[in-house]
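Here are my notes on this model, as promised. Have the viewer open while you go through them.

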Amino acid sequence: MKKRIVKSIAIVLIIVAGLLLFIHNYAYREARNIAEEEAAYTVSAQQLLSDYEKDSQATDAKYLNKTIAVQGMVTHVADSLITIDSAVFCSFSTNKQIKVNDAVTVKGRCIGYDEIFSEVKLDQCTSN
């Protein structure tokens with residue numbers, strides 16, 4: 001009887017230890033590094049906006065939370081934020097030396113379409 005109890009306790013402890021290890025690895029995993037990822041898609045800012053305006057659900061399924069490269073002309077610059085072709089809003093972690101009317105290709109993570117401003121949003125952006 002004692003051996004059975006000891007064996008049961010050992011099995012429970014192994015299961016708990018495995019569960020704790022899984023939770024620890026999940027909670028403390030390394031964040032994505034968008035700068036090092038390959039872009040899944042390369043698209044013009046106008047085409048990306050057009051796709052969202054036509055069918056936002058299908059476009060979300062294709063681009064949302066993926067690393068994409070967006071090409072176009074810079075139409076607005078404010079601190080570490082730029083807008084490409086008045087259609088794609090890009091957030092950088094630091095100020096970039098990008099000016100209005102520069103032709104750029106920006107790589108970032110697509111976080112969706114903002115219907116209020118009619119803009120596609122990218123974060124964690126980098127540029128060439």
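**Notes on the strand β4 region and the ring pairs**

1. Start at valine 88: apart from neighbours within four places in sequence, it is in contact (heavy atoms within 4.5 Å) with Ala45, Leu48, Val70, Ile82, Thr83, Val120 and Leu122. This is a predicted model, where local features need pLDDT of at least 70 and side-chain atom pairs count only at pLDDT 80 or more, while totals for chains, interfaces and linings use all residues. Residues are numbered from 1 along each chain as its sequence is written, and side-chain values use heavy atoms, with hydrogens and water left out.

2. On confidence: pLDDT (the predictor's confidence in each residue, from 0 to 100) averages 90 over the protein, and 99% of the residues score at least 70. Helix α1 (residues 2–27) is lowest at a mean of 85, and strand β1 (residues 41–44) is highest at 96. Helices (H or I, at least four residues) and strands (E, at least two) are DSSP runs, numbered from the N terminus.

3. Strand β4 (residues 88–92) alternates: Val88, Cys90 and Phe92 point to one face and are buried (under 20% relative accessible area; exposed is over 50%, partly exposed in between, with a 1.4 Å probe and protein chains only), whereas Phe89 and Ser91 point to the other face and are not buried.

4. β4 pairs (DSSP finds at least two bridges between the strands) with β3 (residues 81–84) in the antiparallel sense over four bridges, and with β6 (residues 119–127) in the parallel sense, also over four bridges. Isoleucine 84 has valine 88 as its bridge partner, and cysteine 90 stands opposite leucine 122 in β6.

5. The largest nonpolar core (buried Ala, Val, Leu, Ile, Met, Phe, Trp, Tyr and Cys joined through side-chain atoms within 4.5 Å) has 22 residues, and Leu48, Val70, Ile84, Val88 and Cys90 touch the most other members. α2 gives the largest share, four residues.

6. Two aromatic pairs turn up in the whole structure; rings of Phe, Tyr and Trp (its six-membered ring) pair if their centres lie within 6.5 Å, with planes under 30 degrees apart counting as stacked, over 60 as edge-to-face and the rest as tilted. Tyrosine 41 and tyrosine 63 have ring centres 5.1 Å apart and planes at 75°, so this pair is edge-to-face. Tyrosine 52 and tyrosine 113 have centres 5.5 Å apart and planes at 10°, so that pair is stacked.
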